[in-house]
Amino acid sequence: MDASRFDSNYAWTRLGLMLALGTVGTAAMWIASVAVPQVQAEFGVSRADAAIPYTATTLGFAIGAIIMGRLSDRFGVRVPIVIGAVSLAIGFVLGAFAKSLWQVGLIHLVFIGMLGSSAFFGPLIADISHWFLRRRGIAVAICACGNYVSGAIWPPITQYLFDTIGWRSTYLATAAVTIVAILPLSMLLGTRTAPGAHASDGAGLARTSERPLGFTPGMLQTLLALAALSCCVAMAMPQVHIVAYCVDLGYGATRGAEMLALMLACGVISRIGAGMISDRIGALRTLLIGSALQGLALLLFLPFDGLVPLYLISALFGLVQGGIVPAYAVLVREHFSTREVGMRVGIVMTASLLGMALGGWMTGAVFDLTGSYRAAFINGIGWNVLNLAIAWWLLRRGSMRLAMA
């Protein structure tokens, strides 16, 4: 394969389109996060139940990630994108007229999560990984930033709209924005085939080995999925509950939305920086460093709950954890067949989203049980330790295999 076909001007243009699509297409996760206090007030439910729309969105996202990844492998990325845009619009319209919490949850599960948001993360990352060789780490990281750019933009806008026109009207407005923005962007992708989509590109012979990193493919896939799940249980604690946490501390929902936006804006910086680091030291070492720093940032939430410290810790959390999830996609691209990248990235993304869903719900449940978020932070730190252990084991096995080669 001619390496000059990778990292081309068209590849960078396509990456810009993917970033824009991810920014709009994953907005639902952050809208559902900001809506926790609104849902709790309207339906008169517990904090754990108020997180059901977010949990349902991430669960649906998780289920749909494998489906959309498979569609992307077979028909190209534009098919899941169009399906996702239409489904998101339908979901937001139906959600605006839902009469009960279970109806809202079901709509978020099926239309907004499974058939909608799932099209705008894993499939985009899998597609862009085929277009880059030398700069694959930074390209995947930038593509994955769509989710965090979305998180930086949407929470303050959503909170403002919730306060001025209500959450139902906000849902209708989001449906319109989704269709108007995504469908024209999807038409710009064209039908060009990536140079690395159906052949070995020579970047890492371990990808075609029967024992990548010394494991069977199934075992490595399982370990990556478990690592993704555990890191995202930890990651969900501040991302899902920072708004509610600020309300409990008396700072108000607006301050919480600002902290979430700051966290995710810093996550964009983290993802780009981690992508550059990954291109230099490898995805496994990047994963290990990110996991260790995420655990440290979570620890800082325990002794500090002042307004200024929470802003600073939110920024720090974003700066250290953003590169973790893209590292999994790079590892999949390096160690598995190129013909299965969409599906296998989808499996890892499914695990990460299950972790976000579990973490969002579990944090609310721990809060309901204990009356505070302190135990929830400790629970998140424990899950982060599991992720750190898996990353260290994978790196150790990979280093031993290289030493024996």
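Which residues does Gln 221 touch, not counting residues up to four places away in sequence? The legend to View 1 answers this for the predicted model.

**View 1. Surroundings of Gln 221 in helix α11 of the predicted model.** Helix α11 covers residues 217-249, and Gln 221 is one of them. With residues up to four places away in sequence left out, Gln 221 touches Phe 336, Arg 344, Ile 347 and Val 348. Gln 221 has a relative accessible area of 6%; this is under the 20% limit, so the residue is classed as buried.

**View 2. Helix α16 from end to end, residues 341-370.** The helix has 30 residues and, at 1.5 Å a residue, should span 44 Å. In the model the C-alpha atoms at its ends are 42 Å apart, which agrees with that expectation. Most of α16 is covered, with 21 of its 30 residues buried. Gly 371 comes just after the helix and takes a positive phi of about 80°.

**View 3. Arg 271, a buried arginine without a salt bridge.** Arg 271 belongs to helix α12, which comprises residues 253-281. The nearest side chain of opposite charge is that of Asp 279, 14 Å away. A salt bridge would need a separation within 4 Å, so Asp 279 cannot supply one here. A polar atom of the Arg 271 side chain does lie 2.5 Å from the backbone oxygen of Ala 144. Beyond residues up to four places away in sequence, Arg 271 touches Phe 121, Ala 141, Ala 144, Cys 145, Asn 147 and Tyr 148, and also Gly 322, Gly 323, Val 325 and Pro 326.

**View 4. Arg 280, an exposed residue of helix α12.** The relative accessible area of Arg 280 is 75%; this is over the 50% limit, so Arg 280 counts as exposed. Asp 7 is 273 residues from Arg 280 in sequence, yet the C-alpha atoms of the two residues are 16 Å apart in space.

**View 5. Confidence along the protein chain.** The chain has a mean pLDDT of 85, and 92% of its residues reach 70 or more. Among its elements, helix α6 (residues 78-96) has the highest mean pLDDT, 94, while helix α4 (residues 47-50) has the lowest, 76. Over residues 199-208 the pLDDT is below 50. This stretch nevertheless has 22 contacts in the model beyond near neighbours in sequence. Predicted coordinates should not be read in detail where pLDDT is low.

Notes
Residues numbered from 1 in each chain as written. Heavy atoms only, no water. Helix = DSSP H or I, 4+ residues; strand = E, 2+ residues; numbered from the N terminus. Buried < 20%, exposed > 50% of the residue type's maximum accessible area, 1.4 Å probe, protein only. Lys, Arg positive; Asp, Glu negative; His and termini not counted. Polar contact = N/O pair within 3.5 Å; in protein donor to acceptor, adjacent residues only side chain to side chain. Contact = heavy atoms within 4.5 Å. pLDDT = per-residue confidence, 0-100. Expected span 1.5 Å × (residues − 1).
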